[in-house]
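Let's take a stroll through this model together. Have a look at it below, and then we'll go through it piece by piece.

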Amino acid sequence: MTYLAKPKFHHPGLPKNELGYTHRDYEGTISTLCAGCGHDSITAAIIQACFELAIEPHRVAKISGIGCSSKTPTYFLGNSHGFNSVHGRMPSVLTGANLANRDLIYLGVSGDGDSASIGLGQFAHCLRRGVNMTYIVENNGVYGLTKGQFSATADRGSKSKRGVINTDNSIDMVAMALQLGATFVARSFSGDKEQLVPIIKAAIAHKGAAFLDVISPCVAFNNHAGSTRSFDFVREHNEAVNRLDFISTRMPIELKQEPGTVEIVEQHDGSTVALRKLSADYEIHDRSAALGFLQHHSAKGQIVTGLLFVEKEAEDLHAHLHTVDKPLNALGTADLCPGQAALDQFNASMR
Ligand SMILES: Cc1ncc(C[n+]2csc(CCOP(=O)(O)OP(=O)(O)O)c2C)c(N)n1
Ligand code: SF4
Ligand SMILES: [Mg+2]
C-alpha cells in the first residue's frame, strides 16, 4: 500500500493530554483520499476522541475491510495495532481478535459497501453477538474505491454519476443495528465534529457492541444532479432522505447545529441533506421508541443524527460466553494445565 509519511517534528507548544501525548501521537500517515472526502473528517474526529480520552495507542486494535473508508485506519493511530482485512470481513476478524485478547480497544472501520452488501451477514452477527467494539460505517451511498456504483444504502430512484437510476430499496443500517440488538446505536455527520467527537468517545467507553453510522460525503462520485439528496428532489417528493450527500467543492463541509433542530445542509452544487439533531430531552434507553423516532422522521425526509439508543445494562460477548478474564496470550502453564485432579473432575462431569 502506498502512503506518505508525516514529518516527525512538531511544535513544542502543542497541548498534551494526561499521558503527555500530543494530537500528533494519535495521527497516522498523510491521507491519500480525495481532498474534501468526508472520510478524512471522520479520521480527524477519531484522532480527537482518542487524544481527549488519553488512550494509550498500543491498547487499540484498528480493523477494517476494503474501500476508501477501510483505508482510513492508516491515517490515524499510527502506533496502534491494525489489520486491513478482506472486503466485508472486518467483523469476523475483529470478533476473533477480541476473543483472543479482550484487553484491547477495538475500532472496526468499514464502508456502506463493505458492511451493507458483501459484509451484511458479518455485520449482523457481530452486532447480535455483542462484540465489545466501536463499529463505524463511513456511509457515502456509493462504492467510492471502485468508481461510484450504488451501494445498498443509496436511495431508490437516485441517479448515479453515470446517469443510472437506482431501482433497489435502500438499507438503513441504524434501523438494522437497533433490531439486531446493538447496545449503543448512533448516527452522525462527518462535518459535525462537535457531535461526532463526543459520540465516538461514548462509543469507545461503551462495553458492548457500539454501532455508529457516519454520513460522509464522497466528493468524487456523489456530487451530481439527480441524486435524491438534491434540494429540489426533497422539496418535490418529500420522501425519506436517510443517507448521503455530495459536494462539488474540494473543501470539507463543517456544521454547527443546535440539538433539537433540523438543518438543511446545502452543498456547493445546490444539493442538500436535512439533518435532524436529537434534542437534549430525547430518551436514549428505549429501543423500540428509537426505531419509531427514526422511521417517523425518515418519512419526512429527515436524517436523524445523535445518540439514538444505549442499553443500560449492556453485556458483551465475553460475558455471554463466560470466557476467561485474561487475554489468551497471558495465560500461563498453571491456567492451561490445571492438573490431574481438575482433569478427573472435568471428565467425571462429562459422564
Ligand atoms: C471480494 C471482493 N469483492 C469486490 C471487491 C471490489 N471492491 C473493493 S472496495 C468495494 C466497495 C467499497 O465501498 P465502500 O465499502 O462503501 O467504501 P468507500 O470506498 O465508498 O468508502 C468493492 C466492491 C473486492 N475488493 N473484494
Ligand atoms: S472516491 Fe469518494 S470515498 Fe473515495 S476518497 Fe474519493 S471522495 Fe472519498
Ligand atoms: Mg461507500
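Helix 4 gives the most to the shell around ligand 1, with 4 residues. Helices here are DSSP runs of H or I with at least four residues, strands are runs of E with at least two, and both are numbered from the N terminus. Bear in mind that this is a predicted model, where local features need pLDDT of at least 70, side-chain atom pairs count only at pLDDT 80 or more, and totals for chains, interfaces and linings use all residues. Residues are numbered from 1 along each chain as its sequence is written, while chains are lettered from A and ligands numbered from 1 in the order in which they are written.

Back to ligand 1. Helix 4 covers 112–118, and it is joined by helix 2 (68–71) and strand 5 (142–143), each supplying at least two residues of the shell. There are 18 residues around ligand 1, and G67, S69, G111, G113 and G144 come nearest; a residue counts as near if its C-beta atom, placed from the backbone, lies within 6 Å of the molecule or strand. By class, the shell has 6 nonpolar, 9 polar and 3 charged residues. For that sorting, Ala, Val, Leu, Ile, Met, Phe, Trp, Tyr, Cys and Pro are nonpolar, Asp, Glu, Lys and Arg are charged, and the others, Gly among them, are polar.

Now for ligand 2. Among the residues around ligand 2 are C34, C37, H39, C68 and C218, along with G144. The shell around ligand 2 splits into 9 nonpolar, 3 polar and no charged residues.

What about the way helices pack? The axes of helix 6 (residues 173–180) and helix 9 (residues 287–298) come within 10 Å and cross at roughly 165 degrees. Axes are lines fitted to C-alpha atoms, for helices over the stretch in contact, and angles run from 0 to 180 degrees between N-to-C directions. The two helices, 6 and 9, are therefore roughly antiparallel, the label for angles over 145 degrees; under 35 is roughly parallel, 65 to 115 roughly perpendicular, and the rest oblique. V174, A175 and L178 in helix 6 meet R287, A290, L291 and L294 in helix 9, where contact puts C-beta atoms, placed from the backbone, within 7 Å. That contact has 6 nonpolar, no polar and 1 charged residues.

Helix 1 (residues 38–52) packs on helix 7 (residues 193–205) at about 55 degrees, with axes 9 Å apart. That makes helix 1 oblique to helix 7.

Conventions. Two residues are in contact if their C-beta atoms, placed from the backbone, lie within 7 Å.
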